[in-house]
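I opened this entry to record what I looked up in the model, beginning with one residue and its backbone and then turning to the chain as a whole.

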Amino acid sequence: MSDEVGGPYVGNARWIGVRLTDLLREYGVRPPSAGGPADQLVARSVDGMTIGSPVEDVMDGRDAMLAVGMNGEPLPFDHGFPVRMLVPGLYGYVSARKWIEDIELTTFDAYDPYWVKRDWAREAPIKTQSRIDTPKPFARPNAGTVMVAGVAWVQNRGTRSAWTTGPGRTPPSRPRTRATPGASGPTPGRPPRAATHSPSGRPTVPARCRPRSAPGPFRTARADGIPAW
């Protein structure tokens with residue numbers, strides 16, 4: 001998205017607000033799986049910017065909310081005062097409208113919000129990702145046992161396990177990570193880690209971390225620190 005790997009736009013906060021599911025149900029909204037006619041929730045900000053979120057995802061039990069406070073304080077202007085939307089498990093361009101003026105219930109066929117008009121995906125679940133933090137990219141570890149460690153995260157479902165492989169490792173180990181099913185940011189469980197052998201002091205086979213969601217497919221991260229999607 002707009003943030004590079006290791007960039008400044010990823011963080012964690014404690015949000016205060018209203019559960020979006022409760023608000024929608026109070027107005028009689030049903031998700032498509034329950035026979036509801038609308039499948040898109042369009043949030044519009046005071047400057048006219050629009051973001052569309054899948055109604056099914058907003059109402060599937062995750063902690064989607066309209067936030068009015070952040071870290072025990074009123075919502076800062078830079079974070080969307082007076083109210084913003086948060087939907088765990090979706091990329092921000094389909095879930096994180098700030099400075100909300102109104103919310104419209106509609107369908108994907110009837111309306112294309114800002115980014116969809118520019119050929120971005122209508123529905124954007126955050127992908128399973130992992131990253132190796134040590135050894136650092138281009139490191140030259142000493143001969144012998146080398147610790148490989150990093151993080152893995154799966155939005156809204158949690159990580160179940162991760163494989164770390166490298167030279168001299170047959171078969172690979174499978175260190176476990178704690179599940180974090182409600183995570184709304186890259187909040188990992190215990191970092192996956194394993195020891196690998198480097199007979200020459202410079203591995204000839206890349207170390208790889210392969211997180212498994214619960215349930216879900218493997219995704220592989222390289223030892224250069226670049227998350228794999």
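**Backbone exceptions and overall build**

I found D119 exposed, at a relative accessible area of 74%; exposed means over 50%, buried under 20% and partly exposed in between, with a 1.4 Å probe and protein chains only. Residues are numbered from 1 along each chain as its sequence is written. This is a predicted model, in which local features need pLDDT of at least 70, side-chain atom pairs count only at pLDDT 80 or more, and totals for chains, interfaces and linings use all residues, while side-chain values use heavy atoms and leave out hydrogens and water.

I then looked up the phi of D119, which is near 70 degrees, a positive value in a residue other than glycine. I placed D119 in the loop between β7 (100-106) and β8 (129-134); strands are DSSP runs of E of at least two residues, helices runs of H or I of at least four, numbered from the N terminus.

N71, also not a glycine, has a positive phi of about 55 degrees. I located N71 in the loop between β4 (65-70) and β5, and noted that N71 is partly exposed at 45% relative accessible area.

I next recorded a cis peptide bond between F81 and P82, with omega about 10 degrees. P82 sits in the loop between β5 (73-74) and β6 (84-86).

Most residues other than glycine have a negative phi, and most peptide bonds are trans.

For the whole chain I noted 2 helices and 13 strands. Of its 229 residues, 43% count as buried.
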